[in-house]
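Trainee: I'd like to zoom in on just one part of this protein and really get to know it. Please take me there slowly, because I'm new to this.

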Amino acid sequence: MTIDYSLYLVTGRDLLPEGMTYHESLEESLRGGVTVVQIREKETDTLEFLEIARESKTLCDKYKVPLIINDRVDIALAVQADGVHLGQTDMPVHVARTLLPPNSIIGVSCNNLDHVRGAVADRVDYIGIGAVWATNTKNLSNPVMGVRGIGTLLSALDGTDVNAVAIGGIKSDNLLRTLHGSVSPSGHKLDGIAVVSEIVASRDPYNSTRTLREIYTDFSALLEQQGIPRPAPTYTADSIKAGVIDLMRVVRETNPLIHQITNVVVTNQSANATLALGGSPIMVTAPEEMEDLSRILGALLINFGTVTSKEGMMLAGKYANREKKPVIFDPVGVGATQFRRQTAAQLLNNWQASVIKGNAAELAALAQSEEVQAKGVDSVGPGFVDPAKFVRDLARRERCVIALTGQTDWVSDGMTIIRLDNGHQLLGKITGSGCVVGTCVALFCAGAWAQASSEASSGKLVRGDMLLGAVGGILALTIAAEVAAPQAGVRGSGSFLPALIDALYNLTPESVLERARVQVFC
């Protein structure tokens, strides 16, 4: 039997809303597009479990959907179910194989790499990986692994025919994040998602299922489009300069609203830099305002140099993702404290960044690399031995553009690597110059999104060239610094900052063409 694991329903009768029967809920979910059903009855005696399983088998047969029984091989045999799902403390797989008919489906719950390797050795048909998100439908004996933890486990399935289904707290508002983020470095993806409360607890299980089905189908179609052989984007130094100049024009024409949740040290500088380049700044941290702002912003910058509103950061990123707006993450000083490391992990597990921008120490902390050490918000030591490889690998892992800033800047989307050699030493002498880079990147990414929006045909998913946006933001500030530093009125760091804002305001295409030092590696 060829199994479609894409929308895997796990039942839970205790979650049914008042007035909804189990039979009604299950049939509506099957009509809505559930592709596999697992009956989970942890607290039910055998006779009642048997009756529920029989009723479920009749409905599943009607809609030609496989039925899986949780834990109980005897119940699966009694109703001629298509297979069983086993936990780590349930009957061993090899014993279940001897009892079940040939070609029965066997799935196993996996929470770590050893579990996955054991399941592969046992030749199971699929594994259930989780919990991805916090959930109230099951008492968790293992910590929530988060979206970014799934990829490591999927790596262990490379070269096998074992399918993988993510489970745990998956809902319509986090499904895209789950699908996009749950990918191994080699590109191994999920075969499906398992859902409990989003369907079972719904008063309209048909439409709840349809919504999940449509999100999954749209995402799968996008992956298929990306998999069609086509010429890869070809970047050259000249094409990058031309693209940056075009984005400068778009930003000044569209005046995008840049929502910045940033640290208190640089609020004024960041707002002025936004205005100087042609954007409109808004600095809002209240969680209650995030949903409304997401609809009108051009890009979102989250900089946690001072983590004052984690809830606001969580919601801002979530709603920006929903609106498909660029999200730029600047994890300032992330390696300095355990709290910052934990907060960064929580944020990146809850929403997808378009660009992650940081210095060597900050990105090393995100990558859990000890190659570069942190001193507060600064980096210590000579830097990465191979920064090009580092940014490419981290971009592949985080599935976004990575911008490594420093004396030399490196930017990668996981395929193309770009080296930038502009800037001036006075940038390192003013507070928050790195934070202002994040602001500039957000502006240019907003320009890239606006550009793609105007060019997109109806119904086309709008993304924009975030690689070019990141490069444009970095070049804008570093070239402006080169222009500002030699000015007659600049006598040190105090007079350099206002001259820098002026240089951003007066930045011209000619300056970019003349000064930008760009190298492209593929």
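Trainee: How many helices and strands does the secondary structure of the protein chain come to? After that, please take a close look at the part around Tyr5.

Mentor: The chain comes to 20 helices and 19 strands. Both are DSSP runs numbered from the N terminus: helices are H or I with at least four residues, strands are E with at least two. Before we dive in, keep in mind that this is a predicted model, where local features need pLDDT of at least 70 and side-chain atom pairs count only at pLDDT 80 or more, while totals for chains, interfaces and linings use all residues. Residues are numbered from 1 along each chain as its sequence is written, and side-chain values use heavy atoms, with hydrogens and water left out.

Now for your spot. A search of the whole structure turns up five aromatic pairs. Rings of Phe, Tyr and Trp (its six-membered ring) pair if their centres lie within 6.5 Å; planes under 30 degrees apart count as stacked, over 60 as edge-to-face and the rest as tilted. Tyr5 and Tyr126 make a tilted pair, with 5.1 Å from centre to centre and 45 degrees between the planes. This pair ties together distant parts of the chain: Tyr5 sits in the segment before strand 1 (7–10), Tyr126 sits in strand 6 (residues 126–129), and they are 121 residues apart. Add Tyr8, and you have one aromatic cluster of Tyr5, Tyr8 and Tyr126.

Are Tyr5 and Tyr126 buried or exposed? Both are buried. Buried means under 20% relative accessible area, exposed over 50%, partly exposed in between (1.4 Å probe, protein chains only). Across the 522 residues of the chain, 55% count as buried.

Next, meet Ile193, which touches Tyr5 and Tyr8, and also Leu7, Val165 and Tyr216, among others. Contact here means heavy atoms within 4.5 Å. Ile193 is also one of the residues with the most contacts inside the largest nonpolar core, alongside Val37, Ile69 and Ile127; that core has 60 residues. Helix 2 (residues 46–62) gives the largest share of this core, six residues. Apart from it lies another core, of 58 residues, including Ala273 and Leu477. A nonpolar core is a set of buried Ala, Val, Leu, Ile, Met, Phe, Trp, Tyr and Cys residues joined through side-chain atoms within 4.5 Å.

Let's stay with helix 2 for a moment, since Cys60 has its place there. Cys60 counts as buried because its relative accessibility is 0%. Among the residues it touches are Val37 and Leu30. Cys60 and Leu30 are 30 residues apart in sequence, and their C-alpha atoms are 7.6 Å apart in space.

Helix 1 (residues 22–32) holds Ser25, which counts as buried because its relative accessibility is 5%. Ser25 touches Leu16, Met20, Ile199, Val200 and Pro205, leaving out residues up to four places away in sequence.

Strand 6, the home of Tyr126, also helps cover the buried residues of helix 6, together with elements including strand 7 (163–167) and helix 14 (338–350). Those buried residues of helix 6 (residues 147–155) are Val147, Gly149, Ile150, Gly151, Leu153 and Leu154.

One last step back to the whole chain: among contacts between residues at least 6 apart in sequence, 70% join residues at least 24 apart. So when you look at Tyr5 and Tyr126 again, remember that their pair links distant parts of the chain.
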